[in-house]
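Biologist: Got a minute to walk me through this one? Bring it up and let's talk it over.

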Amino acid sequence: VAGAVLEGVTGFAESDVLQFKATITDTSGNATTGTVSDTTLTVDQTASLVTGVTSSKLDGTYKANDVIPVIVFFDNKVFVTGSPFITLETGVDDDDVIYSSGTGTVALKFNYTVSSGDTASDLAYKSVNSLNLNGGTISDIAGNPSNLTLFSPGDSGSLSYAKDLNVDTTAPTISTSSIASDNATVTLAKTGDTVTLTIATN
């Protein structure tokens, strides 16, 4: 029957392959010999898992307006709807970085644009629960919702373990400066004297 829905099919294990044979009986009691389906169904009830978080940026220090891609890897291809985000530890105000690209692959990218006032000595997400659906979905090809638990910050598999990304948006300031010559009177200089300029910054 075209469009028929199977309900209550139980007793199958993960990765079992199902093939159906249908026998149709009319009102007079005549039955078909049974036709085996041309297609098969594979049982998949296992959620995809996060296998690690990293960045394509080189280790180093980044300033305001720099873009740092944060990449979350899964063990299977995942599909995204809506605008999930990952929360990064960036000082006084944490940044919720919206999903950018990667649906249909094992790698989801979140592009973090460094904002004025952000700071981090080793950029990390906030916690194991920092990947937030934000009303969207992240699921595998079968539709199983993905397990979004991240590795603890600093542990193997985490962003701060994989990369050494520093964020510094504070401009340097001059705390002291002085100028002197090697003249007998240090505030004077004649031809041939050496003048030294000393500047101390924060």
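**Strands, core and a lysine**

Biologist: How many helices and strands are in the protein chain?

Modeller: This is a predicted model, where local features need pLDDT of at least 70, side-chain atom pairs count only at pLDDT 80 or more, and totals for chains, interfaces and linings use all residues. Numbering runs from 1 along each chain as its sequence is written, and side-chain values use heavy atoms, with hydrogens and water left out. Helices (H or I, at least four residues) and strands (E, at least two) are DSSP runs, numbered from the N terminus. The protein chain has 1 helix and 17 strands.

Biologist: Which strand gives the largest share of the largest nonpolar core?

Modeller: Such a core joins buried Ala, Val, Leu, Ile, Met, Phe, Trp, Tyr and Cys residues through side-chain atoms within 4.5 Å, buried being under 20% relative accessible area (1.4 Å probe, protein chains only). This one has 27 residues, with Val72 and Phe74 among those with the most contacts inside it. Elements giving it two or more residues include S5 (50–55), S7 (67–81) and S8 (85–89). The largest share, 6 residues, comes from S7.

Biologist: Is lysine 163 buried or exposed?

Modeller: Lysine 163 sits in the loop between H1 (159–162) and S15. Leaving out residues up to four places away in sequence, lysine 163 touches (heavy atoms within 4.5 Å) Thr54, Ser55, Lys57, Leu58, Asp59 and Asp122. The relative accessible area of lysine 163 is 15%, so it counts as buried.

Biologist: Which backbone oxygen does the side chain of lysine 163 reach?

Modeller: The distance is 2.7 Å, and the partner is the backbone oxygen of lysine 57.

Key: Buried < 20%, exposed > 50% of the residue type's maximum accessible area, 1.4 Å probe, protein only. Polar contact = N/O pair within 3.5 Å; in protein donor to acceptor, adjacent residues only side chain to side chain.
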